[in-house]
There are 2 protein chains.
Amino acid sequence: MSIYHLTPSIRLRRTPFTRRVSNAGVQAYTVYNHMLLASYFRSVEEDYSHLKRAVQIWDVSCERQVELYGPDAAKLLQLTTPRNLEFMHNDQCYYIPMVDESGYMLNDPVAIRLASDRFWVSLADSDMLYYFKGLANGFGLNVHVFEPDISPLAIQGPLAETLISNVFGDKIRTLKFFRHRLIHFQDKEMVIARSGWSHQGGFEIYVEGSGYGEPLWDCLFEAGQSFDVRAGCPNNIERIEAGLLSYGSDITTADTPFEAGLGRYCDLGSATECLATKALLEKQSPNRQIRPIEIHGPPLSSLTRHWPLSDGLGNSVGQVSSSAWSPDLKINVAIGMVGRKSWKEGSQLLVETEEGSREAIVQNSFWT
Amino acid sequence: MSIYHLTPSIRLRRTPFTRRVSNAGVQAYTVYNHMLLASYFRSVEEDYSHLKRAVQIWDVSCERQVELYGPDAAKLLQLTTPRNLEFMHNDQCYYIPMVDESGYMLNDPVAIRLASDRFWVSLADSDMLYYFKGLANGFGLNVHVFEPDISPLAIQGPLAETLISNVFGDKIRTLKFFRHRLIHFQDKEMVIARSGWSHQGGFEIYVEGSGYGEPLWDCLFEAGQSFDVRAGCPNNIERIEAGLLSYGSDITTADTPFEAGLGRYCDLGSATECLATKALLEKQSPNRQIRPIEIHGPPLSSLTRHWPLSDGLGNSVGQVSSSAWSPDLKINVAIGMVGRKSWKEGSQLLVETEEGSREAIVQNSFWT
């Protein structure tokens, strides 16, 4: 895997867990929402196998929070997303495409409803705080928009439930997917949700108050010793297998939710307060869309630039934005944006990698 | 200097010059506006000495551009800054603090006026595109807000003028500081400004069209051979000596322009359309402010977290956000936010570095 060196600075923010992540032997970082995010510990492959069999603690503080609080909080949130938020419960998390007025993707966060007038938005890699502030000012909305001192810590893997119930009690097992409730740690109430950026199951604790970061980390590691708990991070192989899209890589401001394959989150008949509803009504039949793609041949190194896709007759049909060798599937799993003529299952494509041209085939669905 | 490893990905955008930067021997990067920015080539110290005696070409594509175009472009820009833009000429660049409705810093870009209804904003490290879009939507402004395909390339150093006049003709010598005009490269007109994030003088070319990046880079290197031209990048030592603030390090959303020492850019009597004018009128007498600070003793490594400042009696008085050993001055030059009681010239402070406690002294002005 190709590696650059990264010069530390204050501007690349540390997190409440950075010392622990460093002591746990992080080998490389990425930068996400102006913050350090680990990218692997032992190796991406070894982390992957461990994630699928045990439990990992992930410092995902870089999922920066924006809090919307006040009478117009729900209205402000709805302005930004075509997903209908009207029937969201106070214990629910929603994955929501966020779009500008023309329907182009600005972010794809998880929104957490805490009360009818209070939401957290757990962000992918862009400063949605600025968009919310701009809208709130322009529309004269009665809402506070700010970044609270909250740092998500994810517990992911098949043994996550066992670990969390050992620490916080068996009742946590009844918590449903994308629901949240309160737990107590030391003198503090914190929100825990059954969620996380993997397909292995798990939880995210919204650690409120930076000072609780290290004690909570230590507590989870102590309780998890017998389960082979390790420090981990979002795993590029596992998330491609599961079709978890990376904003900034697979989706950008150049794409609509329909192109991103997120049409099922667009309630255009009911989410009428969304600024983009009208624009999106005309964009429901895109000419290109995200597809899972298998790339043939031996392991490819992960990509640092888009790999062009063609139909083998010299016609450009799209590009690959993520790719990894899957040790379990023994294939190169990839995500790409593919034109309508070539997007159906079984389409044979050519992909230009840094290691030469390879045959590739469009899949019907992601792998897990 | 401490170094992390950085995992490449599509999300950390390459630039039109990345291949050239890589071939020129970049040794470390930072990430700025979701984009790769070189942080040194030979060493920060060697780059520094060279920058002060010769000429360097900097890939500063990460100064992402936002274009505001349309009848309400000037109005939108003025909403975000307390600097009065009314008398800005079509060939002018303005350094402008950008603030939210409460007067807190969102960015400190250079704005370029191209016409009365057309501006570029050359950004520091935050997604101002999102704030502009939010405001434009909320206020219903008649303006296009988008990121054009423009990648700034800086030519910095005492020989910058010689190099640029060799390539584009002697008339360029008449271009004044923070003014811009058009040059021709191949079949393309491009904006060039006398500007750049160093105190050594130089130019920034707003390279329009990614395809022109490598040819222009090559042309400048060929013309600069006899001037010892090298690839470079913003230099942390030189910019601290010169008091060039780094948004995200020295200034954040927690600070006002007055705290940042940018009060001279606040025209509160005339820039009445700025959303923060009223809020800033009440914030003109801050209780803390950015100061140049000399830290005594041998060279300190650069900081990865804030260094607390105290008055020697155990009272916290602020923090250091940038620090470097100056080979020319033979001192540690630093930038810190200092409380009113301790901010006057000559104040003796204690600073807690990773290498222990050091004496420090508040300076009257930056060093160059």
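**Exercise 1. Work out how E1(A) and E1(B) pair, and find the bridge partner of Leu6(A).**

Solution. Start with the two strands in this predicted model. Strand E1 of chain B covers residues 4-6, and E1(A) pairs with this strand in the antiparallel sense. The pairing runs over three bridges. Now pick one residue: Leu6(A) has Tyr4(B) as its bridge partner in E1(B).

**Exercise 2. Describe the side of chain A that touches chain B.**

Solution. First, count heads: chain A puts 44 residues into the contact, and chain B puts in 44 residues. Next, see where those of chain A come from: strand E1 (4-6), strand E2 (28-32) and helix H4 (128-139) each supply at least two. H4(A) gives the largest share, ten residues. Last, sort this side of chain A by chemistry: 18 residues are nonpolar, 18 are polar and eight are charged.

**Exercise 3. Find out how the two copies are related.**

Solution. Lay chain A on chain B: a rotation of 180° does the job, with 0.0 Å of shift along its axis and an RMSD of 0.0 Å. The copies are therefore related as by a two-fold rotation axis. Then check the surfaces: 100% of the contact residues of chain A recur in chain B, so the same surface serves both copies.

**Exercise 4. Check the span of H4(B), then decide whether its residues are buried or exposed.**

Solution. Take length to begin with: H4(B) has twelve residues and reaches 16 Å from first C-alpha to last, close to the 16 Å expected at 1.5 Å a residue. As for cover, twelve of the twelve residues of H4(B) are buried, including Lys133(B) and Asn137(B). Just past the end of H4(B), look at Gly140(B), which takes a positive phi of about 60°.

Methods. Residues numbered from 1 in each chain as written. Chains lettered and ligands numbered in written order. Predicted model: local features only at pLDDT ≥ 70, side-chain atom pairs only at ≥ 80, totals over all residues. Contact = placed C-beta atoms within 7 Å. Helix = DSSP H or I, 4+ residues; strand = E, 2+ residues; numbered from the N terminus. Nonpolar A, V, L, I, M, F, W, Y, C, P; charged D, E, K, R; others polar. Pairing = 2+ DSSP bridges. Least-squares fit on C-alpha atoms with pLDDT ≥ 70 in both. Expected span 1.5 Å × (residues − 1). Buried ≥ 20, exposed ≤ 12 C-beta atoms within 10 Å, placed from the backbone.
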